Structures are given as structure tokens and as C-alpha cells.
Amino acid sequence: MKDLVQFLTEVDDGLVLEKRLKALLTPNEIEEMLRRLKILELLEQGVPQRDIAKQLGVGIATVTRGSRAFKELKEI
């Protein structure tokens with residue numbers, strides 16, 4: 001994991017970072033990451049989990065995992 005973090009953070013240019021992410025991830029994986037970011041954003045706004053699941057067309061388990069991750073991030 002340390003190597004991945006270094007690979008992604010050693011650049012200051014957003015376009016280079018985007019190219020690196022595209023080289024590492026499939027379009028579906030990128031889309032999934034964007035969906036997870038949206039879940040975190042909606043949780044931050046206080047949107048209920050069931051509403052998030054419905055709005056994004058994902059299962060409640062996906063949102064629950066996002067909620068656990070959100071809580072962990074707030075503890076950092």
C-alpha cells in the first residue's frame with residue numbers, strides 16, 4: 001500500500017495523477033470509486049443511508065460500508 005500511495009502522491013500535476021489512475025484502474029473501478037466518494041459526500045451532508053442507496057442505485061450494504069469508512073476517516 002505504501003508504494004501505491006507514493007506512486008500517486010509524488011506528482012503535483014492533476015493531469016499526471018489522472019493518467020496514473022487510469023493506468024492502474026479500469027473504467028468500472030474508477031466509476032466505483034467516484035460512487036464511493038459520492039456516498040461519503042452525502043453522508044457528510046447527513047442524508048439518510050436508505051435515501052443514498054436509492055439516489056445512487058446501490059445496495060444498502062454498499063452505503064453501510066461507506067458509513068463505516070466515513071466514521072473511520074473522521075477518527076483520523
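## Helix packing, core and salt bridges

Helix α1 (residues 2-9) packs against helix α2 (residues 14-24) at an angle of about 140 degrees, and their axes run 9 Å apart. That angle makes α1 oblique to α2, because roughly antiparallel would take an angle over 145 degrees. Bear in mind that you're looking at a predicted model here.

Who does the touching? From α1 come L4, F7 and L8, while α2 puts in L17, R20, L21 and L24. Sort those residues by class and you get 6 nonpolar, no polar and 1 charged. The charged one is R20, since Arg counts as charged.

R20 turns up again in a salt bridge, its side chain meeting that of E10 at 3.0 Å, N to O. E10 sits in the loop between α1 and α2, and R20 is in helix α2, so the pair ties together parts that are 10 residues apart in sequence. As for E10 itself, this residue is partly exposed, with a relative accessible area of 48%.

### More on the salt bridges

The structure holds 5 salt bridges. As a general point, side chains of opposite charge can pair when their charged atoms come close. Here are three of the bridges, including the E10 pair:

| Pair | Distance, N to O |
|---|---|
| E10 and R20 | 3.0 Å |
| E32 and R35 | 3.3 Å |
| E32 and R36 | 3.2 Å |

E32 appears in two of these rows, and together E32, R35 and R36 are linked in a network of salt bridges. How far apart along helix α3 are the partners? E32 and R35 are 3 residues apart, which puts about one helical turn between them. E32 and R36 are 4 residues apart in helix α3, again about one helical turn. On the accessibility side, E32 is partly exposed at 24%, and R35 counts as partly exposed too, at 26%.

### The nonpolar core

Now for the inside. In soluble globular proteins, nonpolar side chains tend to be buried together. Which residues make up the largest nonpolar core in this model? There are 8 in all: I39, L42, L43, I52, A53, V58, V63 and F70. Helices α3 (27-44), α4 (49-56) and α5 each supply at least two residues of this core. The largest share, 3 residues, comes from α3.

I39 is a handy core member to click on. Leaving aside residues up to four places away in sequence, I39 touches I52, L56, V58, T62, V63 and G66. Among those contacts, I52, V58 and V63 belong to the core along with I39.

### Two residues of helix α5

Helix α5 spans residues 60-75, and S67 lies in it. Is S67 buried or exposed? S67 is buried, because its relative accessible area is 8% and the cut-off for buried is under 20%. Not counting residues up to four places away in sequence, S67 touches L43 and Q49. L43 is one of the core residues listed above.

A61 lies in helix α5 as well. This residue is partly exposed, with a relative accessible area of 45%, so A61 falls between the 20% and 50% limits. If you'd like a long ruler across the model, try A61 to Q6: the two are 55 residues apart in sequence and 31 Å apart in space, C-alpha to C-alpha.

Note on methods
Residues numbered from 1 in each chain as written. Predicted model: local features only at pLDDT ≥ 70, side-chain atom pairs only at ≥ 80, totals over all residues. Heavy atoms only, no water. Buried < 20%, exposed > 50% of the residue type's maximum accessible area, 1.4 Å probe, protein only. Contact = heavy atoms within 4.5 Å. Axes fitted to C-alpha atoms, helices over the stretch in contact; angles between N-to-C directions. Parallel < 35°, antiparallel > 145°, perpendicular 65-115°, else oblique. Core = buried A, V, L, I, M, F, W, Y, C linked by side-chain atoms within 4.5 Å. Salt bridge = Lys/Arg side-chain N within 4 Å of Asp/Glu carboxyl O.
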